[in-house]
Amino acid sequence: MITCKDILKLNLDGVELVAGENGLDRVVSWTYLCQTRPYEDHMSRGNFALIVVDYVRFDMEEVISTSHELFELGISGLGVSVMEDREKLPSELIDWANEINLPLFYIRWKGASFVDIDQSIGKILLADEIKIKKTGDYLYNLLFGYDINQRYVEKISAQFNLDFSKPYRVGIIVVDRIYGLNLETDEHNYEYYANCLNRDVENMECHPLFMKFLNKFVLLFEEKSDKSAEKEIEKVLKNLDELPRFKGLIRSTCILGPVCSNPADLSKSYQQAKNLIPKKDYLPHSRNKKVISASVLGLYKFMFNSGNQSEILDYCTEKLLPLEAYDNANGTDLVETCWAYYLNGFSVSATADDLFIHRNSMQYRLNKIEELLGFSLDDYTEFLDLLNCIYVKRMMFV
């Protein structure tokens, strides 16, 4: 992905970085020339904003207020040019840019024009897109190609520093989004998230191959005995989802397929990871984990693949019948309450917060559950059996 650091490396005549050096890794999606308000109707997240101080539409005071507004809208960097270089950028603007780590460039009036900047950024963005497409095409062929022979693997793998004498693994990153009132803004935000994700993946020590495929992102990386790649992916996704511009709006999870020693088996690894996508929200503690392995099913996978599924399902249905019947008759969520109680470490307060109900209401639900089932939830043998039934039924019906 292209960042403000790449713009600095262009060494364009008359373009000087004056503040925000610590923010040079911000992803640039395109350029945006500030002219007419409201800016949110024209600008997208990640745009590199350009302002001309012409003393008609913009003076220095207007530049300062506009910069704050643009930053809230998600610009990646800011370039300011002053007509005939009449004055320097105010220290107030420079100090603010340093404080928030926003790359601030001064563009001399007789130096590079905004057209030069726009075209130069466009060229490197285009070159980067070609590079991403080339990587994506290769990864696509590995996963879905009909004839992945050894000669093809050896010839192409050298271009991407892959060594298939070592085990590799496929990961699928699934992104959950909350949509607002403006669908176009949501899409821009999602695209910017994808760009940031691509940047962070490129900087990972395990150097995975990465591609955007349909509404998902696919990784291919070398499997290490110390699970360092999985830990790195977990860290990258957590950090990205916690950024203010994405927090509460976009949440990602990476699902890993089985480890493969043969490139011909990578498609199977992808498929097994894909099959787990609908089940990810039902896996224990999945809300707190960013990386989930297909192996998380443990012994349950033998149940789902066995020939006695109907017998298992009948047992689970009978076990849950008192709660399900009560929920259906009264519009309650006692089954969900049991599961949430488990996911929150059997804490009444934490579960109440998770379900957005009062602590007293939570305690009432637990009492009702014990009454309907005829045993105390402190009886861990009975409660574990109940939780297993909830888990198995959900996995079977997804």
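**Buried cysteines, a covered strand and a small tour of the helices**

Cys 196 is buried, with a relative accessible area of 0%. The model discussed here is a predicted one, and a search through the whole of this structure turns up zero disulfides. For Cys 196, the closest cysteine sulfur belongs to Cys 4 and lies 11 Å away, which is too far for a bond. Cys 389 is likewise in no disulfide, and the nearest cysteine sulfur, that of Cys 316, is 3.8 Å away. A disulfide calls for two cysteine sulfur atoms within 2.5 Å, so a separation of 3.8 Å does not qualify. Cys 389 is buried, with a relative accessible area of 2%.

A good place to look next is strand β4, which spans residues 77-82. How many residues of β4 are buried? The count is six of its six residues, and the strand is described as mostly covered. Both of its faces are covered. On one side sit Gly 77, Gly 79 and Ser 81, on the other Leu 78, Val 80 and Val 82, and all of these residues are buried.

The neighbours of β4 in the pairing pattern can be followed one by one. Strand β3, residues 47-53, runs parallel to β4 and is joined to it by six bridges. Within this pairing, Leu 50 has Gly 79 of β4 as its bridge partner. Between the two strands the chain passes through helix α2, residues 60-73, and this β-α-β crossover is right-handed. Strand β5, residues 104-107, also pairs with β4 in the parallel sense, here over four bridges. Val 80 finds its bridge partner in β5 at Tyr 106. Together with helix α3, residues 91-100, the strands β4 and β5 form a right-handed β-α-β unit.

Phe 105 brings the story to an enclosed space. The structure holds one cavity of 30 Å³ or more, and the largest cavity contains about 30 Å³ of space. Which residues line the largest cavity? Its lining is made up of Ile 7, Leu 8, Asn 11, Leu 12, Val 15 and Phe 105.

Two helix residues show what a buried position can look like in terms of contacts. Thr 135 belongs to helix α4, residues 114-144. With a relative accessible area of 13%, Thr 135 is buried, because the cut-off for that label is under 20%. Leaving aside residues up to four places away in sequence, Thr 135 touches Phe 160, Leu 209 and Phe 210. Lys 368 lies in helix α13, residues 359-373. Is Lys 368 buried or exposed? At 14% relative accessibility, Lys 368 counts as buried. When residues up to four places away in sequence are again set aside, Lys 368 touches Tyr 326 and Leu 334.

The last stop is a loop position. Asn 308 is placed in the loop between α9 (300-305) and α10 (309-330). Asn 308 is partly exposed, with a relative accessible area of 32%. A value of 32% falls between the 20% limit for buried and the 50% limit for exposed, which means that the label in between applies. Asn 308 and Pro 208 stand 100 residues apart along the chain, and their C-alpha atoms are separated by 40 Å.

Technical notes. Residues numbered from 1 in each chain as written. Predicted model: local features only at pLDDT ≥ 70, side-chain atom pairs only at ≥ 80, totals over all residues. Heavy atoms only, no water. Buried < 20%, exposed > 50% of the residue type's maximum accessible area, 1.4 Å probe, protein only. Contact = heavy atoms within 4.5 Å. Pairing = 2+ DSSP bridges. Right-handed = clockwise from strand over helix to strand, strands pointing away. 1 Å grid on protein atoms, 1.4 Å probe; cavity = no way out; pocket = protein on both sides within 12 Å on 5 of 7 lines; lining within 4 Å. Points joined across faces, edges and corners; volume = space filled by probe spheres on them.
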